[in-house]
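I opened this notebook to keep a record of what I looked up in the structure. The entries follow the order in which I went through it.

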Amino acid sequence: MSKNTVTITDNRNGNKADFDILDPSIGSSTIDIRSLHSELGLFTYDPGFQATASCKSDITFIDGDKGILLYRGYPIEQLAEHSNYLETSYLLMYGELPTQTEYQDFISLIKKHTMVHEGVKQFFDGFHHDAHPMAIMVGVVGALSAFYHDSLDIEDPRHREISAHRLLAKMPTIAAYSHRRAHGLPLLYPKNEFNFIENFMYMMFGMPTEEYVPNPIAVHAMRLIFILHADHEQNASTSTVRLASSSGANPFACISAGIASLWGPAHGGANEAVINMLEEINDPKEIPKYVERAKDKNDSYRLMGFGHRIYKNYDPRAKIIREACIELLDDLNINNTPLFDAARELERIALEDDYFLERNLYPNVDFYSGIILKALNMPLNMFTVIFAMARTAGWISQWMEMMEDTEQRIGRPRQIYTGATTRDYVNRSQR
Ligand code: SDX
């Protein structure tokens, strides 16, 4: 029985070495290539890290071929049906579903951290009136490290936990304030009588002049969006948080880096980009033109909300949220608007078109979450902010896990140098 290794032979000189295969609890095995350069003088090349494991993690498992997503072993379908965002956040952070007592204690703990320092509220006055809320989130979340010196010792597990709780609790408040200030609306203090999602909706849409009654249809849809977006393994923004943290930077700065990475339209910015795309298409009869553009190799245009680096089957989150999307449009009786007609027609065409089928390009979670948020009249520039709020649970969980991982070191990828070979300086008079 051969050892659990692979042998790499450099055919240029016959040098070879064995490398251990590391087996996961589920999923693909991994070659441990940490000694590759010392053994064979070679590096690996993997732009976009399509085949590279950056860490070991117990938190989230994805099987892109089978369309499986597990949070700490629990199928996303079951959590979407039975759980809520804070319970799911607890699961991601601590590894187990909370008992009733643990759950109540966690809820009351988070509620104690939802307010921000009054000095933080001044920041919002300084931004340009039409600043994108994601730009505000990047700035304000990073600046929290200027306020919480009592919990910045990242070597202290208790400090790490306090910072994680503060980030989870304060994101909705900062998010709502990012919207309110841009519209000249008063910043409302969080209200502990509301649950996490209701509180966000209150701070977003409430008025000091009247009682705010959360819309149960909207709260149900947002609950789903938050659970489905809570974590997703080593995606671009989570990898950004891990890389920033690997140098020992404080958690507020690292989460701010994650927010910045999420903002890109290829990642979390896709939900906003989906609506911009559908509004540009507007008339379903125009769709074939856009589909042809998306296929054209000379055109960088891509259909927003389609495709995924990992899922080469249907994104399980998209399956779940697609049903909620159909229900919501029915509940709100807004089925027949040009935008939603265009969305349905685009989905139909993409699911029948060979180009998309051959490349396993299915509608992803952002396609349907964008439509849901639009149906809820959520401001378009808040779509990715909502994704960032939800993903905070994943970012802080992955950060806490990494800070306890004894194998982790500062992240420092190598490169293939393709620049000039050594050459001597030439005086300007002789050039
Ligand atoms: C998220 O990583 C995560 O887990 C992310 C996320 C999370 O929860 O954190 O799931 C959230 O980011 C979801 C993805 C949201 N992004 C979008 O919807 C933007 C549109 N999608 C594409 O930009 C793209 O599909 C990516 C970025 C999502 C994936 O890119 P890959 O894996 O690098 O895919 P690729 O570029 O190698 O594409 C493979 C082929 C290419 O064609 P060929 O060169 O093989 O001929 O598919 C084509 C691509 O041109 N293609 C598309 C397309 N996506 C890929 N063609 C048209 N429209 C698209 N959307």
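**Entry 1: the ligand.** In this predicted model, I began with the surroundings of the ligand, where I found 24 residues, of which His232, Arg302, His308, Arg317 and Arg391 come nearest. I then sorted the residues of this shell by character, and they divide into 10 nonpolar, seven polar and seven charged.

**Entry 2: polar contacts of the ligand.** Looking at single atoms, I noted that an N or O atom in the side chain of His232 is 2.6 Å from an oxygen atom of the ligand. Arg359 also has a polar side-chain atom facing a ligand oxygen, at 3.1 Å, whereas in Phe306 a polar backbone atom is the partner, 2.9 Å from a nitrogen atom of the ligand. I also looked up how much of the ligand is covered: on its own it has 1100 Å² of accessible area, and the protein covers 79% of that.

**Entry 3: Thr238.** Next I asked where Thr238 sits, and I found its place in helix 10, which runs over residues 236-245. Is Thr238 buried or exposed? Thr238 counts as buried because its relative accessibility is 0%, and the cut-off for buried is under 20%. I wrote down its contacts as well: leaving out residues up to four places away in sequence, Thr238 touches Asp231, Glu233, Arg391, Trp395 and Gln398. Arg391 had already appeared in my first entry, among the residues that come nearest to the ligand. The side chain of Thr238 is further joined to the side chain of Asn235 by a polar contact of 3.1 Å.

**Entry 4: helix 5.** I turned to helix 5, residues 118-126, and looked for its buried residues, which are Gly119, Val120, Lys121 and Phe124. What do these buried residues pack against? Their partners are helix 6, at 133-143, and helix 7, at 157-182. I added a reminder that an α-helix has 3.6 residues a turn, so residues three or four places apart point the same way.

**Entry 5: a sheet.** My last search was for a sheet, and I found an open one of three strands in the order 4-5-6, with antiparallel pairing. Its edge strands are strand 4 (60-63) and strand 6 (74-75), each of which pairs on one side only. Strand 5, residues 68-71, pairs with strand 6 over two bridges in the antiparallel sense, and I noted that Leu70 stands opposite Pro75 in strand 6.

Terms used:
Residues numbered from 1 in each chain as written. Predicted model: local features only at pLDDT ≥ 70, side-chain atom pairs only at ≥ 80, totals over all residues. Heavy atoms only, no water. Near = heavy atom within 4 Å. Polar contact = N/O pair within 3.5 Å; in protein donor to acceptor, adjacent residues only side chain to side chain. Areas by Shrake-Rupley, 256 points an atom, 1.4 Å probe, with all protein chains shown as cover. Nonpolar A, V, L, I, M, F, W, Y, C, P; charged D, E, K, R; others polar. Buried < 20%, exposed > 50% of the residue type's maximum accessible area, 1.4 Å probe, protein only. Helix = DSSP H or I, 4+ residues; strand = E, 2+ residues; numbered from the N terminus. Contact = heavy atoms within 4.5 Å. Pairing = 2+ DSSP bridges.
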